[in-house]
Amino acid sequence: MQLALAVDGHSMFYVQQKLGWFFDPRRLLAHATAAPGTEIGSAFWYTGLKDPTDQRPFRDALTSLGFTVRAKPLREFGGDADQRQFGRANLDVEIAIDLLAVAHRMDEVWLLSGSRDLERLVEVLRIKGVKVVLISTDGMVPRELRNAADRFVDLAELRPQLEKNEALLASAGRS
């Protein structure tokens, strides 16, 4: 089975904050290929940047793991340098283009996002015969997106398989 992963970094950052733990991209790749015969055909990570050097070591690590990293500048709000605020980079179009471009050779897509704007993409992928697994958490994914997917997996349920080792070591040290 050929699998594509698409991680909406902005959405997943807030999901993980809500859950109180962060997943390890290496462990995500390992979990995705745990079933016999499953291969990752494409893996994408989408992120917004405050400046071109933002998250550089993390982005380099993702690339070395095999992710194609798509980055766009975050939209900046506020005219005063002291009161700069950053909003979303809005990478939904990039997610849609990438997944539609690889859909013909994928059996399944794992979409880690909570963006309502991806509902139509999910519908079209399913029309093309691609199974879509949506991974997010309750309260942070719109019902329409959740209903459009073949299956919804709550990220909270994947904590034992995906949590960063550093977090596991820290919690073991507190016990």
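Visitor: What does contact mean here?
Guide: Contact means heavy atoms within 4.5 Å. The model is a predicted one.

Visitor: OK. Which residues of helix 5 are buried?
Guide: In helix 5, residues 119–127, the buried ones include L121, V122 and L125. They sit on the same side of the helix, because the arc they cover around the axis is only 100°.

Visitor: And what covers those buried residues of helix 5?
Guide: The cover includes two helices, helix 4 (92–102) and helix 6 (143–148), along with strand 6 (108–112) and strand 7 (131–136).

Visitor: What about the other side of helix 5, buried or exposed?
Guide: R120 and I127 are on that other side, and both are exposed.

Visitor: What follows helix 5?
Guide: G129 does, with a positive phi near 90°.

Visitor: Switching to the sheet. What is the strand order?
Guide: The order is 3-2-1-6-7-8, in an open sheet of six strands with parallel pairing.

Visitor: Which strands stand at the edges?
Guide: Strand 3 (68–73) and strand 8 (151–154). Each has a single partner strand, so one side of each has no neighbour in the sheet.

Visitor: How many degrees are neighbouring strands turned against each other?
Guide: On average 15°, with direction ignored.

Visitor: How many bridges join strand 1 to strand 6?
Guide: Five, and strand 1 (residues 2–8) runs parallel to strand 6. As for individual residues, L3 is opposite E108 of strand 6.

Visitor: Back to helix 4. Which strands does helix 4 lie across?
Guide: Helix 4 lies across strand 1, strand 2 (39–49), strand 3 and strand 6. Its angle to strand 2 is about 165°.

Methods:
Residues numbered from 1 in each chain as written. Predicted model: local features only at pLDDT ≥ 70, side-chain atom pairs only at ≥ 80, totals over all residues. Heavy atoms only, no water. Buried < 20%, exposed > 50% of the residue type's maximum accessible area, 1.4 Å probe, protein only. Helix = DSSP H or I, 4+ residues; strand = E, 2+ residues; numbered from the N terminus. Arc of directions from axis to C-beta. Pairing = 2+ DSSP bridges. Axes fitted to C-alpha atoms, helices over the stretch in contact; angles between N-to-C directions.
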